[in-house]
Amino acid sequence: MINRNFVERSILGVLSFLQDSFFSQDISLRNGFLQSLDPRIKLATFLLFILQILFAKSIGLLFFLYAFCLVLAVFSKINLIFFLARTWIFIPLFSLFIAVPAIFSVFSPGEALAVWNVLGVKLIVTKQGLDSALFFVMRVLSSVSFAVLLSITTKHFELLKVLRILKIPQIFVMTLGICYRYVYLFIEMIQNSYLAIKSRVGSFTHQKKGQEIVAWNIASLWKRSNYLNEAVYKAMLSRGYKGQALAWEEFKIKIKDLFWLFSVILLTIALNLK
Amino acid sequence: MEDIIFELKDVYFSYLGKFPALSGIDIKIDKGQKISIVGANGSGKSSFLQLLDGLIFADKGSVSFCSQELNEKMFDDEKFSNEFRRRVGFVFQNPDIQLFCPTVKEDIVFGPLHLGFKKSLIEQRLEKLIDCLDIKRLLDRSPYQLSIGEKRKVAIASTLIIEPEILILDEPTAGLDPQTTRQIIDLLTDVNMEGKTIITATHDLHIVEEISDIVYVFGRMKKIVKSGSPHELLDDIALLKENNLMHIHSHRHEDKTHIHPHIHWSHHTEEH
């Protein structure tokens with residue numbers, strides 16, 4: 001019985017994760033501090049923070065920047081528990097598997113803090129190893145937190161537009177925008193196809209049949225995306241697209257944005273002087 | 001002759017060279033006319049409209065636009081292509097195809113932006129359109145968040161903002177509720193009153209009378225089987241039946257069951 005809803009759980013779980021992570025604009029629409037900033041200034045200042053984190057040489061600075069990030073999250077009307085959960089999900093992915101071995105003397109020799117005997121092998125946790133692991137984890141945690149904070153407080157289409165300040169060609173930005181637009185459509189198609197199958201064959205699906213259904217879905221989605229590809233290109237041609245993508249610019253920098261930019265620059269200088 | 005916008009002579013088109021979509025189409029469309037194309041599914045209506053919009057090209061026969069032969073090479077000329085796209089606007093059958101940008105606003109301004117309109121003019125037209133279609137609240141939303149009626153309005157807006165002289169619409173009222181259908185018909189009528197040519201493919205015989213001076217019926221053989229005024233065609237029950245545009249309808253009145261032909265045009269005016 002465990003396998004009974006395996007396909008359903010997997011498909012719906014993945015789709016729901018995609019919808020939550022890519023399409024939830026709830027936070028970016030709130031009336032918070034970061035949401036009120038010009039996305040270009042916000043991106044520039046966040047890059048400064050991330051660079052600061054990458055080049056930080058003291059753990060104190062990393063703790064300060066992480067705390068500052070949490071303060072920004074609070075001022076941007078983000079529930080702190082939600083934010084911590086969202087960021088800490090990525091930490092094991094990016095750092096834990098690398099950081100854990102580093103705490104042992106095999107990789108980081110030095111002053112022993114704890115010793116375990118596992119199957120006759122001595123595992124020694126060293127102070128140097130623990131420090132470097134903590135440093136690494138804090139670096140990842142702070143960077144990920146700033147990146148997540150930027151992405152959840154900015155509307156996704158604005159983030160795409162802002163990529164242009166990084167001199168990314170408009171054609172890539174437009175392609176990303178179209179992907180973003182159609183991923184949702186494909187998610188809907190997969191969900192509807194799955195429901196259509198379920199309505200005809202019931203909820204019980206043998207594992208092998210389930211694999212076949214998934215394969216059909218992939219093939220059908222491939223065909224549809226191929227059709228969409230041609231049709232969308234025709235729609236673009238019909239409205240004057242000639243191979244060169246143009247963008248509609250409408251960002252406006254306010255005094256508040258300039259004030260924030262200068263504050264961040266000053267803070268960066270001050271932290272570096274220290 | 002200046003008044004003829006499109007002229008097609010013995011036009012054939014097939015997909016991949018083996019699936020015929022149009023077989024021997026002859027048609028002339030005059031400036032300022034309201035034309036409707038009706039026909040069963042797969043009768044070639046959408047292919048015909050795409051041919052008019054220069055998105056596909058005839059295998060055989062000739063298609064001319066304002067006395068100029070339309071072929072793929074013509075569109076390599078940027079000046080001609082720009083001029084043509086400014087003059088001819090196309091609303092696709094599936095709004096999910098037409099709305100490909102991350103936001104509604106970007107979708108609406110995509111056309112004029114790529115056709116080289118000035119930003120101030122685009123803004124001015126956008127303001128006018130969002131008032132007219134009541135879509136201001138949708139501007140910052142993504143097209144996937146819209147209902148089908150909203151998507152259709154936005155798709156129409158994304159073409160109307162170019163203010164084309166010729167507006168081609170592929171099933172603009174399919175799947176819409178009566179009120180939205182009415183809004184779209186009123187809009188098309190207004191656009192036609194301004195002197196623009198309207199070419200609409202539809203299954204909805206309800207709307208044909210209002211949006212057409214001439215109706216062309218496309219048959220199963222992918223050719224025009226009849227053309228004429230809306231009344232002339234809608235009264236030809238045999239033709240409508242033959243082309244899947246009406247069906248046998250059975251319903252009860254009190255204790256009696258009636259069976260009679262039914263078209264989605266003049267509901268229940270038939271005698272029982």
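These questions and answers cover cores and aromatic rings in a predicted model. Local features need pLDDT of at least 70, side-chain atom pairs need 80 or more, and totals for chains, interfaces and linings use all residues. Residues are numbered from 1 along each chain, chains are lettered from A in the order written, and side-chain values use heavy atoms, without hydrogens and water.

Reader: Which residues have the most contacts inside the largest nonpolar core?
Author: A nonpolar core joins buried Ala, Val, Leu, Ile, Met, Phe, Trp, Tyr and Cys residues through side-chain atoms within 4.5 Å. Buried means under 20% relative accessible area, exposed over 50%, partly exposed in between (1.4 Å probe, protein chains only). The largest core has 52 residues, and those with the most contacts inside it are B:F6, B:L8, B:F48 and B:I199.

Reader: Which helix gives this core its largest share?
Author: Helices are DSSP runs of H or I, at least four residues, numbered from the N terminus. The largest share is six residues, and it comes from chain A, helix α8 (residues 170–201).

Reader: How are the planes of A:F64 and A:F68 arranged?
Author: Rings of Phe, Tyr and Trp (its six-membered ring) pair if their centres lie within 6.5 Å; planes under 30 degrees apart are stacked, over 60 edge-to-face, the rest tilted. Here the centres are 6.2 Å apart and the planes differ by 15 degrees, so the pair is stacked.

Reader: Why are A:F64 and A:F68 about one helical turn apart?
Author: Both belong to helix α3 (residues 59–75) of chain A. They are separated by about one turn because their spacing in that helix is four residues.

Methods. Helices (H or I, at least four residues) and strands (E, at least two) are DSSP runs, numbered from the N terminus.
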